[in-house]
Amino acid sequence: MADTEKIIEIEVLRYRPEQDKEPVWQSYKVPFTDDMSVLQGVQYIKDYLDETVSFRWSCRMAICGSCGMMIDDKPKLSCKTFLRDYYPGKLRVEALKHLPIERDLIVDATDFITKLESIKPYIIPKEERTLAQGEYLQTPEQRDMYEQFSSCINCMLCYAACPQYGLNPKFTGPGILALMHRYNADSRDGGQAERNELGYADEGYWGCTAVGYCSEVCPKGVDPANAINQNKMNSAINYFTRFVTPGGADK
Amino acid sequence: MEVYKADVAIVGAGGAGLRAAIAVAESDPKLKIALISKVYPMRSHTVAAEGGAAAVTRPDDSLDHHFNDTVGGGDWLCEQDVVEYFVAHAHEEMVQMEHWGCPWSRKEDGHANVRPFGGMKIERTWFAADKTGFHMLHTLFQTSIKYPSIKRFDEHFCVDLVVEDGRVQGVVAIEIATGEFRLIQAKAVIVATGGAGRVFRENTNGGIVTGDGMALAYRHGVPLRDMEFMQYHPTCMPRTGLLFTEACRGEGGFLLNKDGYRYLQDYGLGPPEDKPRNKFMELGPRDRLSQAFWHEQQKGRTIEGPFGSVVNLDLRHLGEAYLRERLPQIYELAEEFMGVDPAHTPIPVVPGVHYTMGGILADGKTASGLPGLYSVGECSSVGIHGANRLGSNSLTELIVFGKVAGDEAAKFAKATSISNPGAIEKQADAIQARALGIVNKADGTERIAVLRTEMAKSMESGCGIYRLGTTMQETCNKIDELKQRYKKLKVDDKSKVYNTDWLLAIELGYLLDVAQVIVYSAFNRKESRGSHQRLDGYEQRDDVNYLKHTLAYYNGDGAPRIEYGDVKITKSKPGTRAYGAAGVKADEERKKQGAANG
Amino acid sequence: MSNRRPYVRSMDGWWKRDAYFVSYMAREVTSVFVAAYAVVLLFGLVRLGQGEAAFNGWLQYLKTPWMLVFHVIVLAVFCYHTWSWFKIMPKTMPIMFVGGKRVQPGTITGTGLAAAVVACLALLFIVGGVS
């Protein structure tokens, strides 16, 4: 990789609630080397050009989920998107779409967190087991049934990719529904009935119209669209069986 | 100022803080817990741990083996009674994590699988592919939601502890979203804020790993112990410092110099074999491997390229399918960040700062000398890592001692009550005024990034893999100077909503305090032990004078006051620390001696 | 009092924002054509019920130039709809293993498309055989 310094133009959608009525684009010229990520570009701006630009970041290695942004209108983790791929053109960074902007590149994550807390994202054991009894047995194949869905880093890129969430923020949304499926699909768990109440509701699985972009942008291969849509069949069966079964199916 | 009244406040919501919060909640559901974190819990740096967590599991393993590996690996600077507790409780905590849903990798029979790790005699590292920390953190975070008594303060930045009547009675935090201050009153406070790797330049740590809790406890008179011991991880990405887990080598990866030669055999770690062998070659401990890199560099046998001097981490012989299954994240990092396909090309790596072995002085039950204050995790020094931590002991530490900290803090909180709330609120007001002073200063001239960069560069030259008195002295002077210049810091951003500039300024203050402790502790230790290696006449371990813990005390504007404390030795007398064939020989001799004595 | 003032961006014209959304909308719009063609067939069924003459009239109508153009368009649209439908199909199915190996999405899409092609050919063959 060549180490000669090049200059790239980065436009940042600025929004400072204490002074801006609405977001405005601001342009910066950033020197970069080929191994620099977009995050490093934005860090350069904060360190040397404009200390007031605000954004979240931490691990730099695509696992903490902090640094999601719209980069040229695509939801991406800025730590694993590279400036070299935009040069010699410029690039635009903006806070994740469909979520309210708190400031600059920082979005309001409250809705996401509230939904995460609401779906019982923990094991509700099928059968209780004491520590002395050791671990639950789970074959690699049983683990494979949920492992992919447990890989969500909560970066919210899928929310920025989901127009249904943008149009109706009551929709539980891809990441959280995938997390719900993660627990439902775990061989140790017996809490499906409790969680299905939320999953089968209008704001649950049926809020999804299978756009599929969530899975496209997911940096961890979680495939939330799959987690959601494979549940629609069960939900439909449940819907019809409740008319014929006394007392209803799962409610 | 808004006041929240808790029984136990926990600062930091990574693995240790979350485990502690759950422990408090389970010990007594009536206790109110405030869990304060400057980021959302799942962003905490536990998330980046890759390889795994150690616990004796196989029938051919034993607690003694784990104990000996840990104490020997720590070059006998461990608190041996604490290590005994640690190894004895590791397995049940792994099982507890399993019950909470942690997706441990499994064997065909459904039991959790274990993998080999550096410096470990028998395979005992539990793992969830190469995202173990990620899975543990998310499991703990999601499980914590089950407990209504845990009240989270996400994105709240802790600016100080409130010490009144000689004990800790709360913390003051900034709500980052609004810039408003909150006093969280508490009868006991657990600090679980993680390490301080960001005092160095090339490191594996996230941007949030800035030693906050260490600095806060230190400023209140609690000593920081053994801070000179900074772990360099031998296999990091050049320049960014991102981590390639030790599991790469546990799974069979080789380290090669520019001649394609497995150079570790020249540094007492051989002989080389095709398959990974515990405590041999690439599965030696991290300090030795990083030191070997340094020697190769001196001999001109590293590979020179655009990233400086590197060696190769060769995984090619493991094949793509196996790598994708066992090391998926490593595969992705190499491909996406470096454009290297590890199934076909070796990965260029360098050592990078990874872990703070020292920390807030704590006893085996995580209590500090300041009543009501507990510490756990990387910020703490309960004494299990000594002069060099073994890979996969730190994740286990989080949960074993996280539980202890929660239980102990709960006990303490139940036996005490808040004294003098009026005085506490007054103190909180003073703390607020000080924190606002940083942003409201009119005559600042120094830039945050400039000071931070100078600090990191200086720390790297003074406290690297090998150290010299002269360069350490220069670094001492440099950090002293930076601390003075810090007083003239200029914060451009004057707003309240998500003023990250302000937080960076406060963090820089924490970093400088911790940096100063590290370099003064290093300068004063006139021997070589574990990760602290000198080249200026102190190349040997000196058990006569330095089988001691360094204790650094805050001394206002001046340099820290350095004292020394005893090391608790129960059953392992300091011996030769050897690996490879030499290690096998040393083991046999120790056994013979033991038989002769016993 | 808080200084927070979260800014909510408008969703106006959202589907034009990204090529992915455009192709999604195209998939949704093609279902209108599917419905329209169902109406045409339904109409044929009604005519069939009204006797042979009525049905032959309907067949004659189908052969008018406008209806031929309509059919060409519908065929193209149906091809796109079929492709987009099978493309999303892997998302609707549970994780499956065959011989210990995970069934890849591409395999599901490919199998679906192949089945559709075979069904069409079989139908053509049968219809051709009858007439």
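A residue counts here as buried if 20 or more other C-beta atoms lie within 10 Å of its own, with C-beta atoms placed from the backbone. By that criterion, in this predicted model, buried residues make up 53% of the 251 residues in chain A.

Chain A is built with 9 helices and 7 strands, and its C-alpha atoms fill a box of roughly 70 × 45 × 30 Å when the box is taken along the principal axes. If one takes the contacts in chain A between residues at least 6 apart in sequence, 65% of these join residues that are at least 24 apart.

One part of chain A can be followed strand by strand. Strand S3 of chain A, residues 68-71, and strand S4 of chain A, residues 74-77, run antiparallel and are joined by 4 bridges, and one of the pairings puts Met70(A) opposite its bridge partner Pro75(A) in S4(A). The two strands S3(A) and S4(A) form a hairpin with 2 residues between them, and in the turn Asp72(A) has a positive phi of about 45 degrees.

From chain A the reader can turn to its partner, since 46 residues of chain B are in contact with 45 residues of chain A. On the side of chain B that touches chain A, at least two residues each are supplied by helix H3 (80-99), helix H4 (132-144), helix H9 (328-338) and helix H14 (500-524) of chain B, and H3(B) gives the most, with 5 residues. Sorted by residue character, that side of chain B divides into 20 nonpolar, 14 polar and 12 charged residues.

Definitions and conventions. Residues are numbered from 1 along each chain as its sequence is written. Chains are lettered from A and ligands numbered from 1 in the order in which they are written. This is a predicted model: local features need pLDDT of at least 70, side-chain atom pairs count only at pLDDT 80 or more; totals for chains, interfaces and linings use all residues. Two residues are in contact if their C-beta atoms, placed from the backbone, lie within 7 Å. Ala, Val, Leu, Ile, Met, Phe, Trp, Tyr, Cys and Pro count as nonpolar, Asp, Glu, Lys and Arg as charged, and the others, Gly among them, as polar. Two strands pair if DSSP finds at least two bridges between them. A residue is buried if 20 or more other C-beta atoms lie within 10 Å of its own, exposed if 12 or fewer, and partly exposed in between; C-beta atoms are placed from the backbone.
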